[in-house]
Amino acid sequence: MSSKRKVIITSAVTGAIHTPSMSPHLPVTANEIAEAAIGAAEAGAAIVHMHARDPEDGRPSQDPKHFEPILAKLKANTDAVINITTGGSPHMSVEERMKPVATFSPELASLNMGSMNFGLYPMLDRFSDFKNEWERDALEKSRDLVFKNTFADIERILEIGNTNGTRFEFECYDISHLNNLAHFHGRGLARGPLFVQSVFGLLGGIGAHPEDLMHMRRTADRLLGDSYEWSILGAGRNQMPLATIGAAIGSHVRVGLEDSLWIGPGQLAASNAEQVTRIRTILEALNFEVATPDEAREMLDLKGADKVAF
């Protein structure tokens, strides 16, 4: 009898897209973020994807001092793989975005695979009351915002990771990003097994129709062959439907309040753990097994939690 396929669940617990006024459940302080990640890991997430925020106003921060207490608490309380962002926020410089990964040498880090328009301003139609003026400003400025990830930027981040033994979650928001990844893989800078996170439903990237998902899969297969592990990230209301479709045809999955504040129509998710529990229930109903952190490490050929700098 064949064994069940193992599916990696990633939980992205706070991110930089949503602002504190959008949900009372969005973690902001270091302790809130760490507790949210621990809860997600206990619910079944093998990987926790980490951003930090300034505790004073919830503004996204790439200052290592804001990451340090989060990482210390996670290391003491969970064996989940800790994935640190190099995306930070589209409003930040690349130099600012790279600092946490360069400082802490994690097992895994995210890497955006191309420059793109990054339109968050439609959320102004759904949210109007903001505790902090920076929240409204950040959304409004996204009308005229290019999320910069040039070939030179990507090379620099890959070089940091390759020097420190950090592997990457390659975030691909469009088909061109898969071509960029194939380019760096061909040059030997992006090393397999490649962990490809296909991102759907953000304005400026590929859409969120099931046909978009299938187009991403066909293209990844053509460009990368069997050298990659595939994962699905659906933004907003697309989170659970696209994760389910992706898992059914061979992907891993990503959920979390970074990507969607919701657990159902008009219903805010109370926690990251609630979303992990929901997708875990779906996966198990499809007769898949949820991968443990150590199984995720083996699949992605990670260096191990004992080789990080935190």
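This is a tour of a predicted model, moving from its barrel to its helices and then to some points in its loops.

**The barrel**

Start by selecting strands β2, β3, β6, β7, β10, β11, β12 and β13. Taken in that order, these eight strands close into a barrel, and their pairing is parallel. From one strand to the next, the twist averages 25 degrees. Next add helix α6, residues 175-186, which packs on the sheet and touches β10 (167-172) and β11 (194-200). Compare the directions of α6 and β10: the angle between them is about 150 degrees.

**From β11 to β13**

Keep β11 on screen and bring in β12. These two strands pair in the parallel sense, over seven bridges. To find one of the pairs, select Phe 200, whose bridge partner in β12 is Gly 234. Now follow the chain from β11 to β12: the path goes through helix α7, residues 210-224, and this β-α-β crossover is right-handed.

Is β12 largely enclosed, or open? Six of its seven residues are buried, so β12 is largely enclosed by the rest of the structure.

Move on to the other neighbour of β12. Strand β12 (residues 228-234) runs parallel to β13 (residues 252-255), and three bridges join them. Among the residues to select here are Ser 231, which has His 252 as its bridge partner in β13, and Ile 232, which is partnered by Val 253. Between β12 and β13 the chain passes through helix α8, residues 239-248, in another β-α-β crossover that is right-handed.

**Helix α5**

Select residues 151-164. This is helix α5, with 14 residues; the distance from its first C-alpha to its last is 20 Å, close to the 20 Å expected at 1.5 Å a residue. Colour Asp 153, Ile 154, Ile 157, Leu 158 and Gly 161, which are buried. Look down the axis of α5: the buried residues fall within an arc of 125 degrees, so they line one face of the helix. In an α-helix there are 3.6 residues a turn, so residues three or four places apart point the same way.

What covers that buried side? The elements to show include α3 (94-104), β7 (108-112), β10 and α6. Before leaving, step just past the end of α5 to Gly 165, which takes a positive phi of about 75 degrees.

**Helix α4**

Select residues 133-141 for helix α4, in which Trp 134, Glu 135, Ala 138 and Leu 139 are buried. Viewed down the axis of α4, these residues fall within an arc of 130 degrees, so they line one face of the helix. Show β4 (52-53) and β5 (60-61) as well, since the buried residues of α4 pack against them. Then turn to the face pointing away from the buried side, which carries the exposed residues Glu 133 and Lys 141.

**Stops in the loops**

Go to the loop between α6 and β11, where Pro 193 lies. The peptide bond from Gly 192 to Pro 193 is cis, with omega near 0 degrees.

Next, select Ser 105 in the loop between α3 and β7. Ser 105 is not a glycine, yet its phi is positive, at about 45 degrees. Ser 105 is also buried, with a relative accessible area of 11%.

End at Asn 287, in the loop between α9 (272-285) and β16 (289-290). Asn 287 has a positive phi of about 70 degrees although it is not a glycine.

Conventions
Residues are numbered from 1 along each chain as its sequence is written. This is a predicted model: local features need pLDDT of at least 70, side-chain atom pairs count only at pLDDT 80 or more; totals for chains, interfaces and linings use all residues. Side-chain values use heavy atoms; hydrogens and water are left out. Two strands pair if DSSP finds at least two bridges between them. Helices (H or I, at least four residues) and strands (E, at least two) are DSSP runs, numbered from the N terminus. Axes are lines fitted to C-alpha atoms, for helices over the stretch in contact, and angles run from 0 to 180 degrees between N-to-C directions. Contact means heavy atoms within 4.5 Å. Buried means under 20% relative accessible area, exposed over 50%, partly exposed in between (1.4 Å probe, protein chains only). A crossover is right-handed if, with the strands pointing away from the viewer, the path from the first strand over the helix to the second runs clockwise. The expected span of a helix is 1.5 Å times one less than its number of residues. The arc is that of the directions from the helix axis to the C-beta atoms.
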